[in-house]
Amino acid sequence: MTAGPTGGGHTVGGDDAGAPHFPDARVIPLRAATPQDPTPPGPISGQPPTTDDALAAALAFLRRRLSGDYTVDEFGFDPDLTESVLLPLLRPLYRTWFRVEPLGLQHVPDDGGALVVANHSGAIPLDALMTSVALHDDHPAHRHLRLLGADLLFRLPVVGPLSRKHGTTLACTADAERLLGAGELVGVWPEGYKGIGKPFADRYKLQRFGRGGFVSAALRTGTPIVPCSIVGAEETYPKIGDIPPLARLLNLPYVPVTPTFPLLGPLGAVPLPSKWLIEFGEPISTVEYGPDAADDPMLVFNLADQVRETIQLTLYRLLGRRRHTFRG
Amino acid sequence: MAPSVVLVTGVSRFLGGNLAARLAAEPAIERVLGVDTVAPVPDLRRRMGRVEFVRADIRNPLIAKVVARAGVDTIVHVALSPHPSGAGGAAATEMAVLGTMQLLAAAQNAPSVRRVVLESTTAVYGASPLDPAVFDETTAPNDLPTRGYARDAADIEGYLRGFARRRADVSVTVLRFAGLVGPRVDTVLTRYLAPPVVPTVLGDDSRLQLLHEEDALGVLERVVSRELPGVVNVAADGVLMLSQAIRRAGRVPLPVPPPAVATVGRLLSAAGVGAFAPERLRLLGIGQVVDTTRLRTAFGFTPRWTTVQAFDDFVRGRALRPLLGPGQLAAAERLTDRGVRGVLHALADVAPHPPSSGRSA
C-alpha cells in the first residue's frame, strides 16, 4: 500500500492539460487516471477515442476496480463505474434504438441543485435511465442525474446495489433534500407505479402526482423545479394486461402482459424501438416562497398541479410533433 | 465541571481499557475505576497505570456498592462488544442489556453520579430498504430485528432514556459509533477480512462508514472531560463499498448465492476461517451511513481519519498481505497494455498491404 488517500500530490487536470498532443505517436499517460480521479477519459469528451485510448482506459479502469482505487459518495454513487460501464451500456439504447432527441437542455442549470420532474411510463423505468443519459451526454455541463427510486428497487438483488452505484437513492424527503442541498441534479417520477404500470390505453395521461413530497423538498431547499416531458417510453412495452396472481407471488406491483411478453419469452423483453423526445421545460423557481412554505399544503398542491399541467400540455404538443411512433 | 472519580466498564477490551489508560494520565482526575468480568491482558494492564481494576460483573448488585463507596461522579459505559459473534447471541444480550440495567439502577441510587456516557452503535438505525441513505440522530428505525446486536443496542439506549427521565440532574451522552477499524482494535469487520478469501453475498454490496480507533478514543475522552449531553453519531468522513474494502485489503471476494450464505458461513467458521457471515455486517452497525454534523458543531470534534484512511491504516497496521497488491496490478496493467498495443500495431501494419498488393498483382 504505497498510495494512501492523502498521498499522490499530482493533480489529474494538470496531467491532462500538460500532456503533449501528438495525434500520431501519442504516448498515453498510464497514470492519467489516478485514484483521486474518478472520471476516466470518456468517449463523450472531445474526439472519438482511438483503440489505444480505449485500451488504456479499459486497463486503467480494471486496475482501479481490482485495487479498490475509486471513490463513492455517501449515497453509494460510483462515478467511475457509471461513466466507464453503466453509461456506455445505455448509450446504444439511447442513440440507436430509441434515437432520443433531447430538447430544452438549456433549461437545466449548469451547476447547483435542481429537481427534474417527469412523467413515468413503460413498465420498466427506462425513461429515468434515458433521461440520465441525456443530461450526462448532451447537456453542456455533463451532469449526473441522481434518480429517486421506489423502495422495491432496493429490495432487489443485483439491481438494488447497482442502482445505488448509478446514483439512485430512495424516494424520500430526507434523501431528496440532502441531495438538493448538496447542489445535485435530482430526478423524480412522482406518478410512481400508477404511471409506469398504467395500461397502454391510458398512454400519455398523467396520473396523480404522489402526495406532492417533491414540491416540499424543492421548497425547503429553494431549488428550481424543471418539468420534463418524455414521449416514446409508453410504446416500449405496451402494457395490455396484467397477471395479478403472479405479481402477488413475486411481491411485485404488477407483471405486465405486452403484445410480445410473455408470448415470445425472453425475446418479448426487448423494448419496441419507439422514437423518443425528452423536453425539459422552463424551470419553476421556488426560492421566493422561502423554506417555511413547504408547510403550506395549499401552495404545495398548487405548485404540484402547475408542474403536472405543464408536463401534460407539453406531452400533447410533442405527440403532435412526432408524426410516427417508430419512425419519428 | 471536570470529573473527579470516573468509572469505566468493559476495561479488558480495547475501547474501555485504552480510555481508562488515557483518563488515568490526566492529573485532574482523582480516581479512575475500571470494571470488567475478566482481567485485561498484561500489556493493556501496564498501560492503564493507576487505574483501579475492579473485577466484577455489572449484572451483580455488588456494582452499586462500588459506585456508592467510591463516590463515582462519571460513568462511562462501554456496553457493546465490538465483535458480537453469531452463536453467543443470547449470552451477549444477557451481558449487555442486564448489565446496563443493573449499572443504571446503581447509578440512579447514587447521588454522587453527575454524568453518564454510553458507548452505542449506529446499528440502532436498523437496516431496511425503506431507510434514507443517511441517518441523522433523529431518524427512527424502520425495521429493527426482534433480537440480536442492534436490538440490544436499542434496548440499552431505551433504558438510558428512562434513567435520564428519573434523574434529570444527570447529564447523559449517547455516542453512536460507526464500525471501528484500526491497527489494534478487534472487531467484526477486522475478523471478517482476516482470511485471504472472504465470502460475500452474490448481487449485494453495502456502503461502509467506519471510524478509526484513535478517533473513537478521542471522542470518548472529550465527552468525559467536558460536559456534552445528547445523542450523537460518531463516524469518519466518506464511504467505502464493502466490495471496494475487500479489494483494498487485497482479499478475494467469494460471491455466495443468498440462500447458501448461512450454510457457507457455518462451514467456514467450522473450518476456522473467518467467523462471520457477511449478511450480518449490515445489522452490526457497519452498513449504516450517518450524518455527523452534530458531532462537528455541537460536540466540536472532527475525526482525523476519513473512512478510507482509517481502513488503509488498518490494512497497514495488520500487515495484511494482499494476494495482488497495487504495485503488481499496475505492473500487470503496463504489461498488458504494451502487449496488446504491440499486437494491435503489428496488425495495423500488416492490414493495409494485402488489398493493395492484391490489386497490383
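This is a guided tour of a predicted model, moving through chain A, across to chain B and into the core.

**Chain A as a whole**

Begin by selecting chain A, in which 11 helices and 9 strands are found. Of its 328 residues, 42% are buried, and if you consider the contacts between residues at least 6 apart in sequence, 74% of them join residues at least 24 apart.

**Helices α3 and α4 of chain A**

Next select residues 79–97 of chain A, which form helix α3, together with residues 126–138, which form helix α4. The two axes come within 10 Å of each other and cross at roughly 100°, which means that α3(A) is roughly perpendicular to α4(A). To see where they touch, display Leu87(A), Leu90(A), Arg91(A) and Tyr94(A) on the α3(A) side, which meet Leu129(A), Met130(A), Val133(A) and His136(A) on the α4(A) side. Sorted by class, this contact has 6 nonpolar, 1 polar and 1 charged residues.

While α3(A) is still selected, pick out Pro88(A), which lies in this helix. Pro88(A) counts as partly exposed because it has 13 C-beta neighbours inside 10 Å. A distance drawn from the C-alpha atom of Pro88(A) to that of Val133(A) comes to 9.4 Å, although the two are 45 residues apart along the chain.

**Backbone details in the loops of chain A**

Follow the chain out of α4(A) into the loop between α4 and β3 (145–149) of chain A, where His142(A) sits. His142(A) is not a glycine, yet it has a positive phi of about 45°; with 15 other C-beta atoms within 10 Å, it is partly exposed.

Then move to the loop between α10 (244–250) and β8 of chain A, where Asn251(A) is found. Phi of Asn251(A) is also positive, near 60°, in a residue other than glycine. Is Asn251(A) buried or exposed? With 8 other C-beta atoms within 10 Å, Asn251(A) is exposed.

The loop between β8 (256–257) and β9 (277–280) of chain A holds Pro262(A). Display the backbone here and look at the peptide bond from Phe261(A) to Pro262(A), which is cis, with omega near 5°.

**Where the chains meet**

Now show both chains and select the residues between them: 35 residues of chain A are in contact with 35 residues of chain B. On the side of chain A that touches chain B, the elements giving two or more residues are α2 (51–67), α5 (151–155), β4 (169–170) and α7 (173–181) of chain A. Which of these should be coloured to show the largest share? Helix α2(A) should be, as it provides 9 residues. Coloured by class, this side of chain A shows 19 nonpolar, 8 polar and 8 charged residues.

**Helices α1 and α7 of chain B**

Hide chain A and select residues 14–24 of chain B, helix α1, with residues 213–225, helix α7. Their axes are 10 Å apart and the helices pack at an angle of about 50°, which means that α1(B) is oblique to α7(B). The crossing is right-handed. On α1(B), display Phe14(B), Leu15(B), Asn18(B), Leu19(B), Arg22(B) and Leu23(B); they meet Glu213(B), Ala216(B), Leu217(B), Leu220(B), Glu221(B) and Val224(B) on α7(B). The residues of this contact divide into 8 nonpolar, 1 polar and 3 charged.

Helix α1(B) is largely enclosed by the rest of the structure, because 10 of its 11 residues are buried. The buried residues include Gly16(B), Gly17(B), Ala20(B), Ala21(B) and Ala24(B). To see what covers them, add the surrounding elements of chain B, which include β1 (5–9), β2 (31–36), α2 (42–47), β4 (74–78), β5 (115–121) and α7.

**Helix α11 of chain B**

Select residues 307–317 of chain B for helix α11, which is mostly covered, with 8 of its 11 residues buried. Among the buried residues are Phe311(B), Phe314(B) and Val315(B), and also Asp312(B) and Asp313(B). The cover over them includes β7 (179–181), α6 (188–192) and α8 (242–248) of chain B. Just after this helix, Ala319(B) takes a positive phi of about 50°.

**The largest nonpolar core**

Finally, display the largest nonpolar core, a set of 150 residues, in which those touching the most other members are Leu115(A), Val116(A), Met130(A), Ala20(B), Ala107(B), Leu211(B) and Val234(B). Centre the view on Ala107(B): leaving aside neighbours within four places in sequence, Ala107(B) is in contact with Val67(B), Ile75(B), Val113(B), Val116(B) and Phe163(B).

Note on methods
Residues are numbered from 1 along each chain as its sequence is written. Chains are lettered from A and ligands numbered from 1 in the order in which they are written. This is a predicted model: local features need pLDDT of at least 70, side-chain atom pairs count only at pLDDT 80 or more; totals for chains, interfaces and linings use all residues. Axes are lines fitted to C-alpha atoms, for helices over the stretch in contact, and angles run from 0 to 180 degrees between N-to-C directions. Helices (H or I, at least four residues) and strands (E, at least two) are DSSP runs, numbered from the N terminus. Angles under 35 degrees count as roughly parallel, over 145 as roughly antiparallel, 65 to 115 as roughly perpendicular and the rest as oblique. A crossing is left-handed if the near helix is turned anticlockwise from the far one by less than a right angle, and right-handed if clockwise. Two residues are in contact if their C-beta atoms, placed from the backbone, lie within 7 Å. Ala, Val, Leu, Ile, Met, Phe, Trp, Tyr, Cys and Pro count as nonpolar, Asp, Glu, Lys and Arg as charged, and the others, Gly among them, as polar. A nonpolar core is a set of buried Ala, Val, Leu, Ile, Met, Phe, Trp, Tyr and Cys residues joined through C-beta atoms within 7 Å. A residue is buried if 20 or more other C-beta atoms lie within 10 Å of its own, exposed if 12 or fewer, and partly exposed in between; C-beta atoms are placed from the backbone.
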